[in-house]
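Open your viewer and get ready for a short walk through one protein chain. At each stop you will find something to select and a note on what is there.

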Amino acid sequence: MPDPSVPPSSGVPPLPIISLVAMPGAGKTTAGRQLAHMLGVPFADVDVEIERRIGCSIRSFFEQHGEVAFRQIEADTIAELVKRPAHVLATGGGAVLRPENRAALKANTVVLYLRATPEELYRRLRHDTQRPLLQVADPLRKLRELYRDRDPLYQEVAHYTVETGRPSVSHMVNMILMQLELAGVVDNQLVKSATLRH
């Protein structure tokens with residue numbers, strides 16, 4: 001006879017924090033917001049949280065204080081966010097540069113790498129004026145350099161990789177959901193109902 005003091009289990013595993021890592025412009029924020037909506041959990045964006053804390057844009061902070069100061073605030077922010085209850089977390093493109101960030105994300109979240117080529121990213125970002133690292137004479141060359149340096153780190157920290165190519169946001173989110181379902185991270189019924197709702 002079941003113990004009446006123990007609530008019956010639904011058989012559905014509790015949702016973890018799902019974090020997205022990727023190059024700038026790969027769609028972490030857009031896809032992350034939609035994924036969180038479909039899973040019925042909060043969405044957090046590391047860069048938005050940082051700007052709330054510093055009281056100015058990241059670009060302004062970069063110009064005034066430099067990248068090292070920014071990366072420290074980023075590390076402190078990630079360390080706090082991974083302790084929150086289940087949510088979808090979009091990280092900044094350079095979050096994986098620090099070993100402590102990679103360790104915090106890998107240990108406390110399910111990490112998805114949204115992988116896109118530098119050429120595809122350039123197509124999306126060529127008119128962007130807000131990303132400090134891309135305000136250079138040759139943004140495509142810069143993206144190729146960043147990709148060369150960061151792709152191994154994204155792969156190191158990621159539990160799963162989703163090749164993004166050129167899908168719509170909804171298609172990318174469905175690919176993410178299918179990957180999470182296959183891995184047993186989210187429940188099949190949750191994925192079905194999320195897809196139907198969408």
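Start by selecting the whole chain, which is a predicted model. Of its 198 residues, 42% count as buried. Now switch on the surface: the accessible area comes to about 10300 Å², and carbon and sulfur atoms account for 55% of that.

Next, change to a cartoon view. The chain has 9 helices and 5 strands. Follow the sequence from its start and you can tick off the pattern β-α-β-α-α-α-β-α-β-α-α-β-α-α.

Contacts are the next stop. Take those between residues at least 6 apart in sequence: 74% of them join residues at least 24 apart.

Now for the aromatic rings. How many aromatic pairs does the structure hold? There are 2. Select Phe62 and Phe70 and show their side chains. Their ring centres are 5.2 Å apart and their planes meet at 50 degrees, so this pair is tilted; the tilted class covers angles that are neither under 30 degrees nor over 60. Are these two residues buried or exposed? Both Phe62 and Phe70 are buried.

For the last stop, select Tyr113 and Tyr154. Here the centres lie 4.9 Å from each other, with 35 degrees between the planes, and this pair is tilted. Colour the elements around them: Tyr113 sits in strand β4 (residues 109-115), while Tyr154 belongs to helix α7 (residues 139-157). The pair links distant parts of the chain, as its members are 41 residues apart. Tyr113 and Tyr154 are both buried.

Note on methods: Residues numbered from 1 in each chain as written. Predicted model: local features only at pLDDT ≥ 70, side-chain atom pairs only at ≥ 80, totals over all residues. Heavy atoms only, no water. Phe/Tyr/Trp six-rings, centres within 6.5 Å; stacked < 30°, edge-to-face > 60°. Buried < 20%, exposed > 50% of the residue type's maximum accessible area, 1.4 Å probe, protein only. Helix = DSSP H or I, 4+ residues; strand = E, 2+ residues; numbered from the N terminus. Contact = heavy atoms within 4.5 Å. Areas by Shrake-Rupley, 256 points an atom, 1.4 Å probe, with all protein chains shown as cover.
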